[in-house]
Amino acid sequence: MALKEYSVIIKKIENQSDSVRLFTIEYSEELEFKAGQFVNLSFEEEGEKYMRPYSISSNPTYKN
């Protein structure tokens, strides 16, 4: 699978534990992934740029 860049809207972030967060995202183009893959999430907040890796825990057949 080739590298691809997506723009998404983070609708909600829920703390599941001290080290686990659940992101609910909205996207206009279908995300293609395999279970266990990770994504680099890059964002800007108050002029500071951030990039962090996150593991995908969703089942790839669950499209919502």
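This report describes the strands of a predicted model and a nonpolar patch on its surface.

In this predicted model, local features need pLDDT of at least 70 and side-chain atom pairs count only at pLDDT 80 or more, while totals for chains, interfaces and linings use all residues. Residues are numbered from 1 along each chain as its sequence is written, and side-chain values use heavy atoms, without hydrogens and water.

**Strands E3 and E4**

Strands are DSSP runs (E, at least two residues) numbered from the N terminus. E3 and E4 pair in the antiparallel sense over eight bridges; pairing requires that DSSP finds at least two bridges between two strands. Phe38 has Ser55 of E4 as its bridge partner. Two residues stand between the strands of this hairpin, in which Glu46 takes a positive phi near 50°.

Of the eight residues of E4 (residues 48–55), zero are buried, so this strand lies largely in the open. Buried means under 20% relative accessible area, exposed over 50%, and partly exposed in between (1.4 Å probe, protein chains only).

Two partly exposed residues are listed below.

| Residue | Strand | Relative accessible area |
|---|---|---|
| Phe43 | E3 (residues 38–45) | 30% |
| Ile25 | E2 (residues 21–27) | 33% |

Beyond its neighbours within four places in sequence, Phe43 is in contact (heavy atoms within 4.5 Å) with Glu48, Lys49, Tyr50 and Arg52.

**The nonpolar patch**

Ile25 also belongs to a nonpolar surface patch with Val8, Ile10 and Ile13, and together they have about 290 Å² of accessible area. Strand E1 (residues 8–15) supplies the largest share, three residues. Such patches consist of residues with over 30% relative accessible area and no salt bridge (a side-chain nitrogen of Lys or Arg within 4 Å of a carboxyl oxygen of Asp or Glu), with nonpolar side chains (Val, Leu, Ile, Met, Phe, Trp, Tyr) joined within 5 Å.

Definitions and conventions
Helices (H or I, at least four residues) and strands (E, at least two) are DSSP runs, numbered from the N terminus. Patches are made of residues with over 30% relative accessible area and no salt bridge: like charges are joined within 9 Å, nonpolar side chains (Val, Leu, Ile, Met, Phe, Trp, Tyr) within 5 Å. Accessible areas come from the Shrake-Rupley method with a 1.4 Å probe; for residues, only the protein chains shown count as cover.
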